[in-house]
Amino acid sequence: QVQLVESGGGLVQPGGSLRLSCAASGSMFSIHTMGWYRQAPGKQRELVAAITSGGNTNYADSVKGRFTISRDNAKNTVYLQMNSLTPEDTAVYYCNARGIRYVSGAFDSWGQGTQVTVSS
């Protein structure tokens with residue numbers, strides 16, 4: 001299997017910044033897309049940002065210009081730099097990775113989530 005471990009969440013004041021990291025581990029796999037989703041209380045999980053192995057990115061309208069997703073393919077790690085945070089960004093953030101495991105085929109893996117709270 002491909003396992004994902006997130007880190008970097010926490011409490012930050014409005015206007016502050018956080019950097020989330022997600023590292024994928026396993027054997028004999030190739031990741032095509034890594035991304036971040038979030039789910040706030042009472043809301044559905046939504047895509048925040050995603051990046052392909054080729055570097056193409058996609059952002060939710062609500063975070064464009066504030067968040068930046070990046071990827072270190074050598075480390076199988078994706079990052080989410082979050083700037084100018086607002087209380088509306090408060091949510092559990094989940095890492096996602098999709099790709100191919102050479103032996104078993106396609107995979108779609110999720111991390112356990114990391115809490116981001118933006119509050120004064």
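How many bridges join β4 to β5, and do they run parallel or antiparallel? Six bridges join the two, and the strands run antiparallel. Okay, that's my way in, so let me stay with this part for a minute. One thing up front: what you're looking at is a predicted model.

So, β5. That's residues 46–52, and the strand is mostly covered, with five of its seven residues buried. On one side β5 has β4, which we just talked about. β5 also pairs with β6, again in the antiparallel sense, over three bridges. If you want a spot to click on there, take Ile-51, which stands opposite Thr-57 in β6.

Now the turns. β4 and β5 make a hairpin with six residues between the strands, and Gly-42 in that hairpin takes a positive phi near 80°. The β5 and β6 hairpin has four residues between its strands, and there Gly-55 sits in the turn with a positive phi of about 95°.

Back to the β4 and β5 pairing, and over to charges. Arg-38 has Glu-46 in β5 as its bridge partner. The side chains of Arg-38 and Glu-46 also meet, in a salt bridge at 2.8 Å, N to O. What about cover for those two? Arg-38 counts as buried because its relative accessibility is 6%, and buried means under 20%. Glu-46, on the other hand, is partly exposed, with a relative accessible area of 35%.

How many salt bridges does the structure hold? Four. I'll go through two others. As a reminder for anyone who's been at the bench all morning, side chains of opposite charge can pair when their charged atoms come close.

Arg-66 and Asp-89 are the pair I'd look at next. Their side chains meet in a salt bridge, 2.8 Å from N to O. Arg-66 lies in the loop between β6 (57–59) and β7 (67–72), while Asp-89 lies in the loop between β8 (77–82) and β9 (91–101), so this pair ties together parts that are 23 residues apart in sequence. Both Arg-66 and Asp-89 are buried. And here's the bit that connects back to the hairpin: Arg-38, Glu-46, Arg-66 and Asp-89 are linked in a network of salt bridges.

Then there's Asp-61 with Lys-64. Those form a salt bridge too, with the closest N and O atoms 3.1 Å apart. Asp-61 counts as exposed, at 66% relative accessibility, and Lys-64 counts as partly exposed at 49%.

Okay, away from the charges. Which residues make the nonpolar surface patch of about 440 Å²? Met-28, Ile-100, Tyr-102 and Val-103. Met-28 is worth a second look. You'll find Met-28 in the loop between β3 (18–25) and β4 (29–39). Met-28 is partly exposed, with a relative accessible area of 46%. Its backbone is a bit of a curiosity as well: phi of Met-28 is near 50°, a positive value in a residue other than glycine.

Asn-76 does something along those lines, with a positive phi of about 50° although it is not a glycine. Asn-76 is in the loop between β7 and β8, and it is partly exposed at 24% relative accessible area.

Two more residues and I'll stop. Thr-114 lies in strand β11, residues 114–118. Is Thr-114 buried or exposed? Thr-114 counts as buried, at 11% relative accessibility. A polar atom of the Thr-114 side chain lies 3.3 Å from the backbone nitrogen of Gly-9. Leaving out residues up to four places away in sequence, Thr-114 touches Glu-6, Gly-9, Leu-20, Ala-91, Val-92 and Tyr-93.

And finally Val-5, in strand β1, residues 3–7. Val-5 counts as exposed, because its relative accessibility is 57% and exposed means over 50%. With the sequence neighbors up to four places away set aside, Val-5 touches Ser-21, Cys-22 and Ala-23. Val-5 and Asp-72 are 67 residues apart in sequence, and their C-alpha atoms are 15 Å apart in space.

If you take one thing to the viewer, start at Arg-38 and Glu-46, and then follow the salt-bridge network to Arg-66 and Asp-89. That's me done, thanks.

How values were computed:
Residues are numbered from 1 along each chain as its sequence is written. This is a predicted model: local features need pLDDT of at least 70, side-chain atom pairs count only at pLDDT 80 or more; totals for chains, interfaces and linings use all residues. Side-chain values use heavy atoms; hydrogens and water are left out. Patches are made of residues with over 30% relative accessible area and no salt bridge: like charges are joined within 9 Å, nonpolar side chains (Val, Leu, Ile, Met, Phe, Trp, Tyr) within 5 Å. Accessible areas come from the Shrake-Rupley method with a 1.4 Å probe; for residues, only the protein chains shown count as cover. Buried means under 20% relative accessible area, exposed over 50%, partly exposed in between (1.4 Å probe, protein chains only). A polar contact is a pair of N or O atoms within 3.5 Å; within protein, one must be able to donate a hydrogen and the other to accept it, and residues adjacent in sequence count only if both atoms are side-chain atoms. Contact means heavy atoms within 4.5 Å. Two strands pair if DSSP finds at least two bridges between them.
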